[in-house]
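Trainee: Let's go through this model together. I'll ask, you reason it out.

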Amino acid sequence: MSALLDCLAVCAGRALGSLARYLVSLAPLKSVGDAGFPLATLLTNVVGAFAIGFIVATVAAGHEMDSRLVLFLKVGVCGGFTTFSTFALEGVGLVQRGEPLVAVVYVMLSAGLGMGAVILAQQAVA
């Protein structure tokens with residue numbers, strides 16, 4: 001029963017995070033430059049990274065937080081809002097554990113392979 005409640009907490013948070021991301025996409029944010037720099041996505045990624053960092057730091061500082069609430073906020077809301085928040089948290093964690101080279105490789109591979117996967121998918125459909 002506990003695992004089911006954990007899953008429900010994640011799903012509920014994910015729904016709110018996804019809705020928040022959608023609402024940000026509707027905001028009248030102007031693109032930067034002629035290339036149409038994706039300002040809304042950048043804002044979403046930075047806000048999501050801040051939020052997950054705040055949640056993790058709050059728990060690490062010893063502030064009492066129900067584990068289900070952490071799942072709701074960290075995995076659910078932040079995960080629904082942007083997976084970039086987890087990516088940023090894991091990259092910082094590698095640096096903090098004394099693995100800066102691994103962090104750089106992780107960042108480069110994530111960005112490069114992610115973009116490559118998009119191109120591959122587009123070519124597969126075309």
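**Helices, rings and a patch**

Mentor: Start with L71: its relative accessible area is 25%, so L71 is partly exposed. Bear in mind that this is a predicted model.

Trainee: Which helix holds L71?

Mentor: L71 falls within residues 67–81. That run is helix α3.

Trainee: Which residues does L71 contact, leaving aside its neighbours within four places in sequence?

Mentor: Contact here means heavy atoms within 4.5 Å. With the sequence neighbours set aside, the partners of L71 are D6, V10 and G76.

Trainee: What separates the C-alpha atoms of L71 and I52?

Mentor: Along the chain, L71 and I52 are 19 residues apart. Between their C-alpha atoms the separation is 11 Å.

Trainee: Which residues make the nonpolar surface patch, and what is its area?

Mentor: The patch is built from M1, L4, L5 and L8. Its area is about 430 Å².

Trainee: Why can L8 belong to a patch?

Mentor: L8 sits in helix α1, residues 2–26. Patch residues need over 30% relative accessible area. L8 is partly exposed, so what counts is its value of 48%.

Trainee: How many aromatic pairs does the structure hold?

Mentor: A pair of aromatic rings is described by the distance of the centres and the angle of the planes. The total for this structure is 3.

Trainee: Is the pair of F50 and F54 stacked or tilted?

Mentor: The ring centres of F50 and F54 lie 6.2 Å apart, with 20 degrees between the planes. Planes under 30 degrees apart meet the cut-off. The F50 and F54 pair is therefore stacked.

Trainee: Why are F50 and F54 about one helical turn apart?

Mentor: Both lie in helix α2, residues 39–60. Both F50 and F54 are also exposed. The one-turn separation arises because F50 and F54 are 4 residues apart.

Trainee: What about F84 and F87: which geometry does that pair have?

Mentor: F84 and F87 share helix α4, residues 84–96, and sit 3 residues apart, about one turn. Their centres are 5.4 Å apart and their planes differ by 50 degrees. That pair is tilted.

Trainee: Is F87 buried or exposed?

Mentor: F84, its ring partner, is partly exposed at 32% relative accessibility. Buried means under 20%. F87 has 19%, so F87 counts as buried.

Trainee: Which residues do ring pairs link into a cluster?

Mentor: F84 and F87 are already paired. Ring pairs bring in another aromatic residue. The cluster is F84, F87 and Y106.

Terms used:
Residues numbered from 1 in each chain as written. Predicted model: local features only at pLDDT ≥ 70, side-chain atom pairs only at ≥ 80, totals over all residues. Heavy atoms only, no water. Patch = residues over 30% accessible without salt bridge, like charges linked within 9 Å, V, L, I, M, F, W, Y side chains within 5 Å. Areas by Shrake-Rupley, 256 points an atom, 1.4 Å probe, with all protein chains shown as cover. Salt bridge = Lys/Arg side-chain N within 4 Å of Asp/Glu carboxyl O. Helix = DSSP H or I, 4+ residues; strand = E, 2+ residues; numbered from the N terminus. Buried < 20%, exposed > 50% of the residue type's maximum accessible area, 1.4 Å probe, protein only. Phe/Tyr/Trp six-rings, centres within 6.5 Å; stacked < 30°, edge-to-face > 60°.
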